[in-house]
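Please keep the model open while you read these points, and look up each place as it is named. The points are meant to be taken slowly, one after another.

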Amino acid sequence: MKLTVFGATGGVGQEIVKQALAAGHEVTAVVRDPARFTVTGEGLTVFRADVRDPEELRAAVAGRDAVLSGLGARSTKDAGITTTLTRAVLRAMEVEGTRRLVVVSAAPVGPDPDRQPLVDRAAGRVISRVLKPVYDDLRAMEAELAASATDWTSVRPPKLTDKPLTGRYRTVVGGTPRSGRTLARADVAHAMLAVLDDASTVKQGVGTAY
């Protein structure tokens with residue numbers, strides 16, 4: 001497949017690029033600063049652009065089979081940036097007629113898990129209060145997805161770690177795994193690539209966790 005990856009210098013984005021190249025896909029990595037991007041490999045194109053500008057992004061998404069986004073706020077100070085950048089990506093995709101989009105979101109944006117233990121419910125409430133601006137940003141981003149013409153999927157992991165890829169995790173289409181506490185960035189990338197051809201995940205949030 002011909003794939004475009006946004007947020008390619010981030011932890012999830014780099015993993016998407018690495019795993020996609022290893023699987024034999026052609027990958028266009030969109031970055032603002034190429035000096036910060038160290039991934040190399042056959043089939044890779046590095047595309048420098050201001051992600052806020054849909055016109056600059058059109059060439060990056062034109063003719064692609066799918067777009068994957070690792071864009072996201074790094075702290076509460078950056079809250080709002082995910083919606084702003086994703087909106088630009090959506091506009092570029094809609095102009096170019098590129099339909100498939102997979103983004104990373106977060107577990108608290110999804111529905112509460114069935115039969116969630118009390119300790120996990122309590123921890124979730126605390127985290128949601130502390131990171132409320134970030135999650136509000138992600139909810140706004142998902143509202144933009146829902147209003148778009150794209151065939152989108154939002155992958156919603158819990159707390160991210162830098163542990164190695166396992167390829168073993170739980171997914172719930174339209175829901176959230178019970179007692180899901182962590183997921184490695186490498187496995188988030190794996191899940192995002194895995195849903196590309198899964199029609200059941202189109203226009204759905206997908207909860208993921210160990």
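1. This is a predicted model, and a good place to begin is Thr161, whose relative accessibility of 17% makes it buried, because buried means under 20%. Thr161 belongs to strand 7, which covers residues 159–161.

2. Which residues surround Thr161, once those up to four places away in sequence are left aside? The residues that Thr161 touches on that basis are Thr182, Leu183, Ala184 and Arg185. In addition, the side chain of Thr161 reaches the backbone nitrogen of Lys163, at 3.4 Å.

3. Arg185 also takes us to a pair of helices, since helix 6 spans residues 185–194, and the axis of this helix comes within 8 Å of that of helix 1 (residues 11–22), with a crossing angle of roughly 55°. Helix 1 and helix 6 are therefore oblique to each other, and their crossing is right-handed.

4. On the side of helix 1, the contact is made by Gly11, Val12, Glu15, Ile16, Gln19 and Ala20, while helix 6 contributes Arg185, Ala186, Val188, Ala189, His190, Met192 and Leu193. Sorted by class, the residues in this contact are eight nonpolar, three polar and two charged.

5. A last residue to check is Ala122, which is found in helix 4 (residues 118–130). Is Ala122 buried or exposed? Ala122 falls in between, because its relative accessible area of 31% lies between the limits of 20% and 50%, and it therefore counts as partly exposed. Ala122 and Val51 are 71 residues apart along the chain, and their C-alpha atoms are separated by 37 Å.

Terms used. Residues are numbered from 1 along each chain as its sequence is written. This is a predicted model: local features need pLDDT of at least 70, side-chain atom pairs count only at pLDDT 80 or more; totals for chains, interfaces and linings use all residues. Side-chain values use heavy atoms; hydrogens and water are left out. Helices (H or I, at least four residues) and strands (E, at least two) are DSSP runs, numbered from the N terminus. Buried means under 20% relative accessible area, exposed over 50%, partly exposed in between (1.4 Å probe, protein chains only). A polar contact is a pair of N or O atoms within 3.5 Å; within protein, one must be able to donate a hydrogen and the other to accept it, and residues adjacent in sequence count only if both atoms are side-chain atoms. Contact means heavy atoms within 4.5 Å. Axes are lines fitted to C-alpha atoms, for helices over the stretch in contact, and angles run from 0 to 180 degrees between N-to-C directions. Angles under 35 degrees count as roughly parallel, over 145 as roughly antiparallel, 65 to 115 as roughly perpendicular and the rest as oblique. A crossing is left-handed if the near helix is turned anticlockwise from the far one by less than a right angle, and right-handed if clockwise. Ala, Val, Leu, Ile, Met, Phe, Trp, Tyr, Cys and Pro count as nonpolar, Asp, Glu, Lys and Arg as charged, and the others, Gly among them, as polar.
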